[in-house]
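Subject: Structure handover

Hello,

Here is the structure you will be working with. Please open it and keep it beside this message while you read.

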Amino acid sequence: MGTYRVMRQDDNGNRFLVAKGLDRAEARRLADGFEARGHKQMYWVEADGEARPEAADGTVRNA
């Protein structure tokens, strides 16, 4: 099993690393917590070293 990271994209399309080295459940809880706050930014989970983000529902987005 690998590790996961949480990413964020702001209103201008800039992408930022929020956290890395998490297990999948930890990463999902963190991303869900930020999403629940109602920020305009988009948060998602990626496997560390992977460029295919996982959507909030657990599906993989086309990067």
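A polar contact is a pair of N or O atoms within 3.5 Å; within protein, one of them must be able to donate a hydrogen and the other to accept it, and residues adjacent in sequence count only if both atoms are side-chain atoms. By that rule, the side chains of E46 and R5 are in polar contact at 2.7 Å. The side chain of E46 also has a polar contact of 2.9 Å with the side chain of W44.

Two notes on how to read the values. This is a predicted model, in which local features need pLDDT of at least 70 and side-chain atom pairs count only at pLDDT 80 or more, while totals for chains, interfaces and linings use all residues. Residues are numbered from 1 along each chain as its sequence is written, and side-chain values use heavy atoms, with hydrogens and water left out.

Overall layout

The protein has one helix and three strands (DSSP runs numbered from the N terminus: H or I of at least four residues for helices, E of at least two for strands). Their order from the N terminus is β-β-α-β. Of the 63 residues in the protein, 32% are buried (under 20% relative accessible area; over 50% is exposed and in between is partly exposed, with a 1.4 Å probe and protein chains only). The protein exposes about 4,200 Å² (Shrake-Rupley method, 1.4 Å probe, with only the protein chains shown counting as cover for residues). Carbon and sulfur atoms supply 47% of that area. Among contacts (heavy atoms within 4.5 Å) between residues at least 6 apart in sequence, 40% join residues at least 24 apart.

The hairpin

Strand 1 and strand 2 form a hairpin, with five residues between them. In the turn, G13 has a positive phi of about 85°. The two strands run antiparallel and are joined by five bridges (strands pair if DSSP finds at least two bridges between them). M7 stands opposite L17, which is in strand 2.

Salt bridges

How many salt bridges does the structure hold? There are two (a salt bridge is a side-chain nitrogen of Lys or Arg within 4 Å of a carboxyl oxygen of Asp or Glu).

One joins E46 and R5, with 2.7 Å between the closest N and O atoms. This pair links distant parts of the chain, since E46 is in strand 3 and R5 is in strand 1 (residues 4-9), 41 residues apart. Strand 3 covers residues 42-47. Both partners, E46 and R5, are buried. E46 counts as buried because its relative accessibility is 6%.

R28 and D32 also meet in a salt bridge, at 3.1 Å from N to O. They are four residues apart in helix 1 (residues 24-36), so about one helical turn separates them. Is R28 buried or exposed? R28 is buried, because its relative accessible area is 15%. D32 has 33%, so D32 is partly exposed.

The aromatic pair

A pair of aromatic rings is described by the distance of the centres and the angle of the planes. Rings of Phe, Tyr and Trp (its six-membered ring) pair if their centres lie within 6.5 Å; planes under 30 degrees apart count as stacked, over 60 as edge-to-face and the rest as tilted. The count by this rule is one aromatic pair. F34 and Y43 form it, stacked, with 4.8 Å centre to centre and 10° between the planes. F34 counts as buried because its relative accessibility is 17%. Y43 is buried as well, at 6% relative accessibility.

Regards
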